[in-house]
Amino acid sequence: FVEGFTPSTRGWPSFMRCHPILYWEYQHIWGFLVAFSLPYCKLYDMGYTSIGSKFDTEKNPLLLNPDGSYRPAHSLVLNQAQQDRERGGRAAEPAQKAGRGENGCSDVGLVTVGDEVLSAKVADVNTQHACGELRKLGIVPRKAVILPDDLGEIARTVKEMAPLYTAVITMGGIGPTHDDVTMRGVADGLGVGMSHSVAMEHLMHRLKQEVLEDGGQKGVSDLKCSTQRMCLMPDGTELLMEEGKEYPLLRCQNVYMLPGVPQFMRQQLTHLGRVLGCGAPFVSHRVGFSVDETTIADALARTAEEFVATSIGCYPYYEDYPERGARTIVVIEGRSQQDVDGCCS
């Protein structure tokens, strides 16, 4: 949407765009191109409305047909308040994604959803596990939050995180009960509607039949009710199936919705790692010091300034020393063994 004065996009040279005459909305631009038969990239006929890099360009879910095909970009109708949805297929600006482009790395935001976690009824093991596993793949967790089962909180967090990171991973709140509100919160945060997924309905029907054939005691009416609730998804949600698995990984734009049950979350996290792709693995070295951290603080600061390609973490211990009485543990971490070795020397 062309405004009168618009600063240049983050990551580009700083300048001001001035448009004192033309105030064109999305339909005006496409009306002009079509009316005069002007050439344009054919990707716009395949469901794309905004073309960026191969890392952040997806088909716009607003153009998705019930049969899974996509309409051309010129058929999208947006009112003045919806002009930003032209970029509905863009996961995030490449310049805003700190991890992407840096050794091919992805960066992610983690969102754990559940009143039971905030009330300490259930321990949050998912965040710790996700951070550890993602880093093994060279994927950088940039932020992790814990939210209640609250639509507004989820929507605000997704709206904030989605433009900043390669992917946002939610954990919890996608089941069949009344307090499972994550999918609607994601829809609100991304500015899309909710609709019934025929593909999910077929999948749930098959799983229901397997339960009944195995002599399950759950009533058919209960299964039907839960099926309907779990089939209501944000518009444009993709079901990413993996061979040998019964339940798909759910993706809407750049938001991945994982279950909160740890064993199922871990299965889907492995699949998610393959979807995002691995970056350069982290290399680290651990050093123990017999002095407290104040003694080496200045030396660590100078080292950190000199070796900017590494990160240096300092962890004091006041009892239960982990390594032969070491009172301070320093961990040097980087993307290459050479950088870490140089810092350690």
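**A mixed sheet and the helices packed on it**

In the β9/β10 hairpin, where two residues sit between the strands, Gln 253 takes a positive phi near 55 degrees. Strands here are DSSP runs of E with at least two residues, helices are runs of H or I with at least four, and both are numbered from the N terminus. The model is a predicted one, so to speak of local features pLDDT has to be at least 70, side-chain atom pairs count only at pLDDT 80 or more, and totals for chains, interfaces and linings use all residues. Residue numbers start from 1 along each chain as its sequence is written, and side-chain values use heavy atoms, with hydrogens and water left out.

The hairpin belongs to an open sheet of six strands, in the order β4-β3-β5-β10-β9-β8, with mixed pairing. Two strands count as paired if DSSP finds at least two bridges between them. At the edges lie β4 (140-147) and β8 (238-240), each of which pairs on one side only. On average, neighbouring strands of the sheet are turned by 25 degrees against each other, direction ignored.

Now for the pairings themselves. Strands β3 (residues 107-113) and β5 (residues 167-171) run parallel and are joined by five bridges; Leu 110 has Ile 169 as its bridge partner in β5. On to β10: β5 pairs with β10 in the parallel sense, over four bridges, and Met 171 finds its bridge partner in Leu 258 of β10. Strands β9 and β10, by contrast, run antiparallel and are joined by three bridges, with Met 257 in β10 as the bridge partner of Leu 250.

Which way do the side chains of β10 point? Val 255 and Met 257 point one way, Tyr 256 and Leu 258 the other, and all are buried. Buried means under 20% relative accessible area, exposed means over 50%, and partly exposed is in between (1.4 Å probe, protein chains only). In a regular strand, side chains alternate between the two faces of the sheet.

Two helices lie across these strands. Helix α4 (residues 151-161) lies across β3, β4, β5 and β10 (255-258), and runs at about 165 degrees to β4. Helix α8 (residues 262-276) lies across β3, β5, β8, β9 (249-252) and β10, running at about 160 degrees to β10. For such angles, axes are lines fitted to C-alpha atoms, for helices over the stretch in contact, and the values run from 0 to 180 degrees between N-to-C directions.

Helix α8 also packs with α3 (residues 125-136), at an angle of about 20 degrees and with the axes 11 Å apart. The two helices are therefore roughly parallel, a label for angles under 35 degrees (over 145 is roughly antiparallel, 65 to 115 roughly perpendicular, the rest oblique). On the α3 side, the residues that meet α8 include Val 125, His 129 and Glu 133, while Pro 262, Met 265, Arg 266 and Leu 269 take part from α8. Contact here means heavy atoms within 4.5 Å.

Arg 266, in helix α8, is partly exposed, with a relative accessible area of 37%. Leaving aside neighbours within four places in sequence, Arg 266 is in contact with Val 125 and His 129. Arg 266 and His 129 are 137 residues apart in sequence, yet 8.0 Å apart in space, C-alpha to C-alpha.
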